[in-house]
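Student: I'm new to this structure and would love a close look at one part of it. Could you walk me through it?

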Amino acid sequence: MQIESMAGVLLYISAGVPVTYDAAGYAAVSGYTSIGEIVDVGNQGATHAETKVNTIAGAGTRKIKGSFDLGTKSLKIAVDNDDLGQQMLYTMLASYANAAFKQVYQNGDIDYFSAKVMSIVSEGSTPDAVRSISVGLAIDAPKGSGIIHVLA
C-alpha cells in the first residue's frame, strides 16, 4: 500500500445503530448520510489505561493494559444549512442516543464507529474566514466494541 493524503475522505452519519458491532453489522445499517463541507475530520483511536502491579517476589512493577477509551473526535465543518449530513448532526445533538459513523478513505478502506454528538459550536474569526462549526463526537464502545477497520 502506498501512503495517501486525506483529500477525498468522506464521513457519513446514520441515526440507525448496528445489530452487531462488527463490520457486517455496521455495513447493514441503512440511512448513512454524507456530512458535507468537512474542513478537518479530526483524530480517532483507542487509549488504554495502564494498570500496574508490584508483586513481593518480583520486586518490580509489572504493567498491563487496562480498560480503553476511544476518546473524542472534533470535526471542523464549513456551514451549509442545506446539507443533510449537517442537519443530522443537529438532530443527534438533541438526542441521547448513539449515531453510527462510516469514514471512507481514498483507497476504499473504511472505519466504522458509534458516537454521541456532544457539541456543536459556531466558530467566529476574521472577516475573511469561512463561517464554520466545531462538532464534538464522544466515540463510544457499545458491548466492548471499538473502531472497526475494514480494509478495501
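Which residue forms a salt bridge with Lys76, and how far apart are the closest N and O atoms?

Tutor: Happy to help! Please keep in mind that this is a predicted model. The partner of Lys76 is Glu123, and their closest N and O atoms are 3.6 Å apart. Glu123 belongs to strand 8, which covers residues 110-123, while Lys76 belongs to strand 6, residues 72-78, so the salt bridge ties together parts that lie 47 residues apart in sequence. Both ends are partly exposed: Glu123 has a relative accessibility of 31%, and Lys76 has a relative accessible area of 34%.

Strand 8 also takes part in another pairing. Its Lys116 forms a salt bridge with Asp140 of strand 9 (residues 132-140), linking distant parts of the chain, 24 residues apart. Here the closest N and O atoms are 3.4 Å from each other. Asp140 is partly exposed at 28% relative accessibility, and Lys116 is partly exposed as well, at 29%.

To set this in context, the whole structure holds three salt bridges. Glu50 and Lys52 form one of them, with a distance of 3.7 Å from N to O. Glu50 is partly exposed at 49%, whereas Lys52 counts as exposed, with 55%.

Stepping back, the protein has two helices and ten strands. Of its contacts with a separation of 6 or more, 64% are between residues 24 or more positions apart.

Methods:
Residues are numbered from 1 along each chain as its sequence is written. This is a predicted model: local features need pLDDT of at least 70, side-chain atom pairs count only at pLDDT 80 or more; totals for chains, interfaces and linings use all residues. Side-chain values use heavy atoms; hydrogens and water are left out. Helices (H or I, at least four residues) and strands (E, at least two) are DSSP runs, numbered from the N terminus. Contact means heavy atoms within 4.5 Å. A salt bridge is a side-chain nitrogen of Lys or Arg within 4 Å of a carboxyl oxygen of Asp or Glu. Buried means under 20% relative accessible area, exposed over 50%, partly exposed in between (1.4 Å probe, protein chains only).
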